[in-house]
Amino acid sequence: MALNDVIFIKGAGGLGRPLAGEDHISGMVFWLTDANLPSGYSTSDRVKALFSIDDAQAQGITEGSATNGVLWYHINEFFKAAPQGVLYAGIYGGVTATVAYTDIELVQNFADGKIRQMGVFDTTTFATGSVTALQVSCSALETAHKPTQVIYGADFSAATIGALPDLRTLNSKDVSVTIGEDGGATGAALAVSEGYSITDLGSALGQVAFAKVNESTEWIEKFQVDDGAEFNVPAFATGNLVNSQSDALLATLKTNGYMFIRKHVGLAGTYQENSATAITTSNDFATIENGRTMNKAVRGIRTFMLPNLSSPVFVNANGQLTEGTVAKFKNDTARALEQMDRDEEISAFEVIINPLQDVLSTSEVEITVKIIPVGVARQIKINIGFTVSIA
């Protein structure tokens, strides 16, 4: 028997101190009626920057609330997965909780374009048209130099798990759809009490925020979804338990581009399966990590190149760009990529500038950037067998 004592267990992450850089900055969008807005929100103040679940509670988003308990659940799951994350939580809807996917643009604009990934929680029945509509807003944000990856959670409660549409036929490179859900704890209880799918949106978003841009949240060693209770029983947003489905069905869901959660034989815990976006697998941006890597490269290059906008461009007597001009533009283009290379977020890169281009006539400097991404070991094949000797 241990001696009588006062024992301290030091917790980590309670201060919500943000990480360096901005890869972890995230957003969430919810829709409620104006009458049900949390106390810290108003019709003229719809977005809050949160650094912990305590911040959410201070804004009137409370556990078990009849009006915003689901919001609390997803925000809490986000910070469990990304304790040092930053979350811009936007609540829209008006008098009748009208869903407008363009609201993701409002949240991103409120954050001055800093949001890298955004979760969209929608209680309306899932339709591929919603994915397409979200991509329209993502494309608009990309044009405005605010590229954003979206994870979408909708209501699948009336859907048949084996009859979900193929997302890989869509053209939505910035949108992912999650159909994961808790099957035995708080999420499962909420799904019953609310009458619609809860999904694992907050957790999935938090895992992405916690990951380096090149990392897939399927990585077993780094990303475990369950905390011993929540998601210990993996389920689908249709209400079906994952372990009651065939391996063939799970493979089809992955092939069709859905994110979900599952267990692995011989290993404790629950893990994310898939990091797909709603576009054909042959597309360069068919995964969240490829999209995030490119978005980071584009944002970084633009930051270092902006000071060069409308700067003098010197040419030799033959009209070719001078060596100094080429070197200046190449060095500034490479600066962000060099840091990504050091951080092992890309494998290699090359910057090419043709000195023969006619800048005097076009006032344009054309630069080509080639990036080799970091691969993901989604399958590991091991050849094994008996032998009579080992040479």
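Here's a short tour of this predicted model, going from the whole chain to its largest pocket.

**Stop 1: the whole protein.** Show everything as a cartoon and you'll be looking at 10 helices and 14 strands. Turn on the C-alpha trace: along its principal axes it spans about 80 × 75 × 60 Å. The radius of gyration is 24 Å, which agrees with the value near 21 Å that a compact globule of 391 residues would have.

**Stop 2: surface and inside.** Switch to a surface view. The accessible surface comes to about 19400 Å², and 54% of that belongs to carbon and sulfur atoms. Now colour by burial: 47% of the 391 residues are buried. If you draw contacts between residues at least 6 apart in sequence, 71% of them join residues at least 24 apart.

**Stop 3: the largest pocket.** Rolling a probe the size of a water molecule over the atoms shows where empty space is left. The largest pocket has a volume of about 680 Å³. To centre your view, select Met-305, Leu-309, Phe-329, Val-365 and Ile-367, the closest to the pocket's centre of the 23 residues that line it.

**Stop 4: the walls.** Next, select helix H8 (288-305), helix H9 (323-342), helix H10 (359-362) and strand S14 (367-373); these are the elements that give two or more residues to the lining of the largest pocket. Which of them gives the most to that lining? Pick out H8, with 6 residues.

**Stop 5: lining chemistry.** Finally, colour the lining of the largest pocket by residue class: you should get 15 nonpolar, 6 polar and 2 charged residues.

Methods:
Residues are numbered from 1 along each chain as its sequence is written. This is a predicted model: local features need pLDDT of at least 70, side-chain atom pairs count only at pLDDT 80 or more; totals for chains, interfaces and linings use all residues. Side-chain values use heavy atoms; hydrogens and water are left out. On a 1 Å grid over the protein atoms alone, a cavity is a set of points where a 1.4 Å probe fits but cannot get out, and a pocket is an open set with protein on both sides within 12 Å along at least five of seven lines; lining residues have an atom within 4 Å of a point. Grid points are joined across faces, edges and corners, and a volume is the space filled by probe spheres set on the points. Helices (H or I, at least four residues) and strands (E, at least two) are DSSP runs, numbered from the N terminus. Ala, Val, Leu, Ile, Met, Phe, Trp, Tyr, Cys and Pro count as nonpolar, Asp, Glu, Lys and Arg as charged, and the others, Gly among them, as polar. The radius of gyration is taken over C-alpha atoms; the globule rule is 2.2 Å times the number of residues to the power 0.38. Buried means under 20% relative accessible area, exposed over 50%, partly exposed in between (1.4 Å probe, protein chains only). Contact means heavy atoms within 4.5 Å. Accessible areas come from the Shrake-Rupley method with a 1.4 Å probe; for residues, only the protein chains shown count as cover.
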